[in-house]
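Biologist: Could you take me slowly through the aromatic rings of this protein, and then through what lies around them? I am in my first year, so please explain each term when you first use it.

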Amino acid sequence: MLRMDVSVHQDKIDKIQLTNRGTDCFVNSVVQLIKNTQYGIFIISQSQSLFGSSNGNEFRISRELAAIYSGRKNSAETLRSLVAQHSGKLELDVNTQQDAEEFFRALEVALSEEWIGTDYFRTVRNCHWGREELGRKFLNNSETGKCFQCGECPPKQDLPFLLLKIKNIPRSTGVSISPLVQQHFSESIETVSMRCSNCCEQQAHQQVPCPQMGICRNRRTVEKCNLTKAPQFLFIQLIRNVGNQPKVNTFIKIESELILPSGQKYELIATLDHIGETPMSGHYITFLKLSTGRWRKFDDDTFVDCSVR
């Protein structure tokens, strides 16, 4: 996780030690990861009002998270159950390892729905969501990328994201994160076949299935993403597991500063690491940058000062 290079209050991290009943590490690592984001800072700032709430059914997830951050609790067991119930993803609460990304998304939605209608929390949430625009061009006209029939490019897609997903990690001895991010925002090498939605009358009017013949036939395209909104806190997810292929265990060097193609600068403040072959197995640990500039590794209920390279 990276933070935009602007002046932001960073709460002092002493320790966030959480017990693990055997399969809680994916929850513990997410709770530890987001403590110094605006999500965590907001929950900590609301602790007094949360604990003073007379209605036990209000803000249950926020109150549980505040209890952990304030040191009142050293277990995320109840939080795990509440998030599973709220999201309807009851598998998050079974006695097996689960995907940390899925829990993070479920927790983020739960917090957003508890504070729905609160202008300040909307601002908090906006700090973590970015937007990218996905554009495509036809290869039959390499100069403009436009359809030879109608003279238009394929419609662009506006894609909000909580996690920027970096795919196509090479299987090698090591690579830095910067070229992977640059590659994400570069024109793709792989091609995708599609028809021109501007020309296809059946698709435009959602009538009969398109025969994909004549001007509607599939044609090769390439795509390119452009960042249209840079979040204050940038979560980058490295996609190491694809289908049934073995996990990509390439060592990724994460520089202390990341500069996006659009010019925004980010400082590395945390990482969440997975050890194992699949997201549903293995173990999760978290590395957090302290306010002193030093790094600390959190492994459930233990921690040790370390360096990140």
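Modeller: What follows begins with the aromatic pairs and then turns to the cores, the strands and the cysteines.

This is a predicted model, in which local features need pLDDT of at least 70 and side-chain atom pairs count only at pLDDT 80 or more, while totals for chains, interfaces and linings use all residues. Residues are numbered from 1 along each chain as its sequence is written, and side-chain values use heavy atoms, with hydrogens and water left out.

A pair of aromatic rings is described by the distance of the centres and the angle of the planes. Rings of Phe, Tyr and Trp (its six-membered ring) pair if their centres lie within 6.5 Å, and planes under 30 degrees apart count as stacked, over 60 as edge-to-face and the rest as tilted. Counted in this way, there are nine aromatic pairs. One of them joins Phe-42 and Tyr-120, which are tilted, with 5.4 Å from centre to centre and 50 degrees between the planes. Phe-42 lies in helix 2 (residues 38–45) and Tyr-120 in helix 7 (residues 119–126), so this pair ties together parts that are 78 residues apart in sequence; helices (H or I, at least four residues) and strands (E, at least two) are DSSP runs, numbered from the N terminus. Phe-42 is buried, with a relative accessible area of 2%, whereas Tyr-120 is partly exposed at 45%; buried means under 20% relative accessible area, exposed over 50%, and partly exposed in between (1.4 Å probe, protein chains only).

A further pair is made by Phe-59 and Trp-115, whose ring centres are 4.5 Å apart and whose planes meet at 35 degrees, so this pair is tilted. It links distant parts of the chain, because Phe-59 is in the loop between helix 3 (47–51) and helix 4 (60–69), while Trp-115 is in the loop between helix 6 (100–114) and helix 7, 56 residues apart. Phe-59 is partly exposed, with a relative accessible area of 24%, and Trp-115 counts as buried at 8%. These four residues, together with Tyr-39 and Phe-121, form one aromatic cluster.

Elsewhere, a charge sits over a ring if NZ of Lys or CZ of Arg is within 6 Å of the ring centre and within 35 degrees of the ring normal. Arg-72 lies over the face of Phe-51 in this way, at 3.6 Å from the ring centre, and Arg-219 lies over the face of Phe-138, at 4.8 Å.

The largest nonpolar core (a set of buried Ala, Val, Leu, Ile, Met, Phe, Trp, Tyr and Cys residues joined through side-chain atoms within 4.5 Å) has 45 residues, and Ile-61 and Phe-103 are among those with the most contacts inside it. Helix 6 gives the most to this core, with seven residues. Leaving aside neighbours within four places in sequence, Ile-61 is in contact (heavy atoms within 4.5 Å) with residues including Leu-79, Leu-107 and Glu-114. A second, separate core of 25 residues includes Phe-185 and Phe-287.

Among the strands, which pair if DSSP finds at least two bridges between them, strand 2 (residues 130–138) pairs in the antiparallel sense with strand 3 (residues 157–161) over five bridges, and Leu-134 has Gln-157 as its bridge partner. Strand 2 also pairs in the antiparallel sense with strand 7 (residues 219–229), over eight bridges.

Finally, Cys-25 is buried at 1% relative accessibility, and Cys-147 is buried at 3%. A search of the whole structure finds zero disulfides (a disulfide is a pair of cysteine sulfur atoms within 2.5 Å).
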